[in-house]
Structure formats: structure tokens, C-alpha cells
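Trainee: Could we go through this structure together? I would like to see how each label is earned.

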Amino acid sequence: IRDNLNFLRRRIIVNTESNYCSPAKLRLLFAEMIHRAAREAENRVIALGLYRAILRAGRRKLKYTDLDFFHQQVRREFERYGAVPGLRSQAEQIRKARAFLSSDLGGLL
């Protein structure tokens, strides 16, 4: 929420030349902020589901890989790319995680 408020403040400062912002413009900015927050929340839910699905698939499919190592690597990757700014970048990371999961965890067989 704090990031969304900072986003809204920047938009108001950039979009207005004086300290006054019309009510219509303010409603539009609030609607944009709410829409952005909803998309970010949706991405978080999708990412958590993918994280759990990858861990489940690892338990079921991996035979020769140390599961503790696999869990650490998956967690590290999700933590590294979880804080990627921008919805487009987040969507790209979700697409990559889905591709990894659909390709039997990146295996060649």
C-alpha cells in the first residue's frame, strides 16, 4: 500500500502543474492505483501457487536430485525475482516459472 501511495503522489506531482488536482483527475488516479494494486496482488497469488506447484513437482518427479538443495534453489530464485519492480517484469517471471513447471522442471527427457 505504501508503494501505491508513493506511486500516486508521484503521478499527482507529475500530472499537475499547481498544487490543485481536479476531483475527476484524482478519481482517475485512485482508480489506476487500485487497478495496479489488484494486479500486483493477483501476481503474488499466482507466484505463490507456482512456487508450491514446483516444490510438489520436485518431490514427485526428481529422483537423483537432493530435495533440500532443490528447495533452497527454488526459494532463492523466487526471492531473487520476487522483488522485480514493474508488472511487465513480474508477468515475464511468472511466464518463465510456468514454462519451467510445464517442461518437467527443465529436464531434457
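Mentor: Gladly; what follows is a conversation about the labels used for this predicted model.

Trainee: Let me start with the overall picture. How many helices and strands are there in the protein?

Mentor: There are four helices and zero strands, and from the N terminus on the order is α-α-α-α. Buried residues make up 22% of the 109 residues.

Trainee: Why is α2 called roughly antiparallel to α3?

Mentor: Look at the angle. The axes of helix α2 (residues 23–61) and helix α3 (residues 67–82) come within 10 Å and cross at roughly 165 degrees. Angles over 145 degrees count as roughly antiparallel, so α2 is roughly antiparallel to α3. As for handedness, α2 passes α3 in a right-handed crossing.

Trainee: Which residues make that contact?

Mentor: From α2 they are A47, L50, Y51, I54, L55, G58 and R59, and from α3 they are L67, F70, H71, V74, R75 and F78. By class, the residues of this contact are nine nonpolar, two polar and two charged.

Trainee: And what makes α2 and α4 roughly parallel or antiparallel?

Mentor: The same kind of reasoning helps here. The axes of α2 and α4 come within 10 Å, and they cross at roughly 20 degrees. The cut-off for roughly parallel is under 35 degrees, so α2 is roughly parallel to α4. The crossing of α2 past α4 is left-handed.

Trainee: Where do α2 and α4 meet?

Mentor: On the α2 side you will find R36, R39, E40, N43, I46, L50, A53, I54 and A57, and on the α4 side L87, Q90, I94, A97, R98, F100 and L101. This contact divides into ten nonpolar, two polar and four charged residues.

Trainee: N43 caught my eye in that list. How do you know whether N43 is buried or exposed?

Mentor: Its relative accessibility is 15%. Buried means under 20%, so N43 counts as buried. N43 is found in helix α2, and it touches L87, Q90 and I94, leaving aside residues up to four places away in sequence.

Trainee: Which residues make up the largest nonpolar core?

Mentor: There are ten: L50, Y51, I54, L55, A57, F70, V74, I94, A97 and L105. The elements giving two or more residues to this core are α2, α3 and α4 (87–102). The largest share, five residues, comes from α2. To see one member in place, try I54: beyond residues up to four places away in sequence, I54 touches F70, V74, F78, A97, F100, L101 and L105.

Trainee: L105 is in that core too. What makes L105 buried, and what is its phi?

Mentor: L105 has a relative accessible area of 11%; with the cut-off at under 20%, L105 is therefore buried. Its phi is near 65 degrees, a positive value in a residue other than glycine. Most residues other than glycine have a negative phi. L105 is found in the segment after α4.

Trainee: Why is D104 called partly exposed?

Mentor: D104 has a relative accessible area of 41%. Buried is under 20% and exposed is over 50%, so D104, in between, is partly exposed. D104 also lies in the segment after α4, and although it is not a glycine, its phi is positive, about 55 degrees.

Note on methods: Residues numbered from 1 in each chain as written. Predicted model: local features only at pLDDT ≥ 70, side-chain atom pairs only at ≥ 80, totals over all residues. Heavy atoms only, no water. Axes fitted to C-alpha atoms, helices over the stretch in contact; angles between N-to-C directions. Parallel < 35°, antiparallel > 145°, perpendicular 65-115°, else oblique. Left-handed = near helix turned anticlockwise from the far one by under 90°. Contact = heavy atoms within 4.5 Å. Nonpolar A, V, L, I, M, F, W, Y, C, P; charged D, E, K, R; others polar. Core = buried A, V, L, I, M, F, W, Y, C linked by side-chain atoms within 4.5 Å. Buried < 20%, exposed > 50% of the residue type's maximum accessible area, 1.4 Å probe, protein only.
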